[in-house]
Amino acid sequence: MLKKLKYFFEIYRINLINIISLFFAVIAFVSLYFVIFVNASSNDECLWVDTKINKDSVIVVIDKVKIKGVAYQAGIRNGDILKSINGKNFPHAIGAQLILNEVLGGNFAEYKIQRADSLFFTQVKIKKLINPNQIASSLMAIFFFLVGFLVLTAKPKGKIQQYFYLSGMLLVITQSFNLSLPNLIAKEIGYLQTLHMSLVFISVFFLPILLVLLFSNFPIPFKFASKKYFKTSLIISALILFILISIPELGNLFNRSRTFISVLFFMIGQSNILFMIAIIISIFLLIINYIRNKDKIERKPIFIILIFSFITIAAVLYVNFVAPVIGDIIFNTPEYYAPILLIVLLPISIGYSILKYQLMDVSIVIRNTIIYGAATISLAIIYLLTVYGIGQSVGAIFGADYQNIVSALVFILFALILQSTKDKFQTLITKRFYPEEFAYQTLLVKLSKEVTSLTSFDLRRVIHSIESTFVEDLKIKKFGMLLRNKNDKLDLVSMKNIYFHQSEFDLGASLLNYFNEQTLTNKKLVIEQSDFSKVLPDIEEQLIENEIFSIVPLMVKQKLIGMFLLGLKHSGSVFSEKDLELLNAVAHQTAIAIENARLYEAESEKLIFEKELEVARKIQQNLLPNKLPQINGVDIYGRMIPAKQVGGDYFDVIKIDESKYFCVVGDVSGKGISASLYMTKLQTLLRMYVLTNQNPKEILSEINSKLFESMERHWFVTLSLCYFDFATGELHFCRAGHMPLIIVEEGASQKLKPAGIGLGLENKGLFRNVLEIKKIKLKSGQLIFLYSDGIVEEQNYKNDFYGDENLENILLANKEKSSEEIFSVLNEDLENFRKGSEQRDDITAVVIKIL
């Protein structure tokens, strides 16, 4: 359910914003209407004061009568007691005000006045007083909400934009207080008024928090504003402060000495303290932003906002502390309180700064609105005039019957050219009035075309071209590029003025889920700084420290292959929505170019590898004996069946004299040319040492010493070496980490496994100490089998291994056959075991039968 709601909101985000904004705009203007027309107080230019004469009785005493005011001209003086208005009595001053509010401005009201012991009636001309404080607050809310709406429309998912909009929204809700004011004054309080005032109270409480959050990020974010604890600590601090200043009134609520609505009314008033603290903090943050920013152009909008912030503070201080001293109460000298209207200039100055200096992309929204509107209206007028003119002309020539047909044809023609004409008009206006932005977007379009034309399939060239354009042409201060590697991680392949603790990053589930969601909702695939915490939590701090504000993914067929990391533009602003649209196009073309380059590299590597394999096969085949020596009383057969990828198997039978022979089976780790070269070296060393030494242990020790000096550390050779002395009837066997020697005789098999480690792994001292030599007597009927691991480690489609047991069973079952036939049966059994699966490794064996 939540996913469906989220999907719905993503699809209709703009429409929902427009509907909500219209609703709040209506509330804002209705509140202003209430301030001017409904809540305007009837004024007689004096002050009414409730005065207790005993425990249960209150009289309304008149004070501060304005000299030559309407009450003064009616004969009313300080100290008089107001008894009734137009014949209506009242219990207190508020009741009297409600009666007086029924009198229209300019009309007269009849007052019953008591002075000392005498009573008299007098006619007082009534004025209407519109409270300048309420007008100023309502207008401020309207303008702030308008600015919030504009910035949110420019970038609906922007964090700062959302703060602006929510601040404006809460200001409107707080000023909707005026809608319930008549009911509150009349003490006609129902559930609706209670609910409304509770909503106002919540808004008044959260508004200061939002303002601090806003100016912590605007116009240039502070690093602490991105910390996870910042919002929480701000809310807790505001709550603690609010509780401290409201404890006495909360006590009255628990004691039931005050009603809930009166306590709520009081706490709304107390929240103004939080509001003033938030304003001071916000101005302080603006000052710091101004001081730390050394760029004169970037300082200008901050300076303008600061000036009008100080004017706002001055207006508030003047109205609260200066006006009552140099003037009188607001009823007598409302003109002295009029400067409070200056607070309206604060949201206007913010809006002006945003538009003038193209902050937060709002200028683009307004520009597009004007351009599209002007283009549409202009073309519509041209269309109507053209249709009308052609219709009249054709009618005059062919008659009125053809006018409708011609009009329809002209309509179709203009419908076809309307879009292109409008686009050209927009381009013309952009170039004329926004030259910097036009140049920037032109560069992005150029980059997109350049990337598309990169057909050399050189990945390094693609990366260099992208970096060069972003850093040198677009003059982006911070830039980075990540590419997905074969291990499904992201490599940092390009960076400018940024530093990360690592060069490889994990592809988190949150990142992939985010792009999947954005793809489903057809949204622009961009990660803004406000999304770092939920999309890239592991590197959020590093991204913010590096002043990365936007991340544009590189996608191919909905698969993420990399990302652009982008800082601010040269002007110091973040990328606009139009910029991001172009960047998405650039990213798409870049992703295709990268994939093409990678495919080309992979194909090139494949061709090179295949050539290497062919060379390696030839080397390997040349190293193997073309023909084995004929030995009296011995049936010997050896063969190596190579896998598709050349391995490092090797075998040989070396004749010393008529009665002495060496038989060897080895396996060089790795594949390709390198394995073949090591095999060549091994054969050279082996043939050299066996001519001077008939001790397998000594021979292997010498070979190991030579290989250890020249072989790379991740390479090694396993080898089985047999020395046959038919004159003495002995077999000497050494094994350097290779497969055991299998001997079959008298219906049983045994494995000869002397200790030993691979050649090239350790120095000669350790190698020699570990290496063992085994000696056995040669007997008629023996079957001696030397082999490589490719036999027992062969796998079928189930990934089962052929194993030692199958091998020994084949040898036992076929021991009476010739050596060649035994190998053939074994190979056939291996093929049946694979059942069509590809051969994994070289299959090598030497079969020796003592006759």
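Begin with the whole protein chain, which holds 26 helices and 23 strands, where helices (H or I, at least four residues) and strands (E, at least two) are DSSP runs numbered from the N terminus. This is a predicted model, in which local features need pLDDT of at least 70, side-chain atom pairs count only at pLDDT 80 or more, and totals for chains, interfaces and linings use all residues. Residues are numbered from 1 along each chain as its sequence is written, and side-chain values use heavy atoms, with hydrogens and water left out. Of the 851 residues, 47% count as buried, that is, under 20% relative accessible area with a 1.4 Å probe, protein chains only.

Next, select residues 741-745, which form strand 19; 5 of its 5 residues are buried, so the strand is largely enclosed by the rest of the structure. Leu741, Ile743 and Glu745 point one way from strand 19, while Ile742 and Val744 point the other way.

Add residues 748-752, strand 20, which pairs with strand 19 in the antiparallel sense over 5 bridges; two strands pair if DSSP finds at least two bridges between them. Here Leu741 stands opposite Leu752, and in the hairpin, with 2 residues between the strands, Glu746 takes a positive phi near 55 degrees.

Now show residues 783-787, strand 22, which pairs with strand 19 in the antiparallel sense over 3 bridges, with Ile742 opposite Phe785.

Finally, select helix 25 (residues 803-813) and helix 26 (residues 819-834), whose axes, lines fitted to C-alpha atoms over the stretch in contact, come within 10 Å and cross at roughly 145 degrees. The contact (heavy atoms within 4.5 Å) is made by Leu807, Ile810 and Leu811 of helix 25 and Ile822, Val825, Leu826 and Asp829 of helix 26.

Methods: Buried means under 20% relative accessible area, exposed over 50%, partly exposed in between (1.4 Å probe, protein chains only). Axes are lines fitted to C-alpha atoms, for helices over the stretch in contact, and angles run from 0 to 180 degrees between N-to-C directions.
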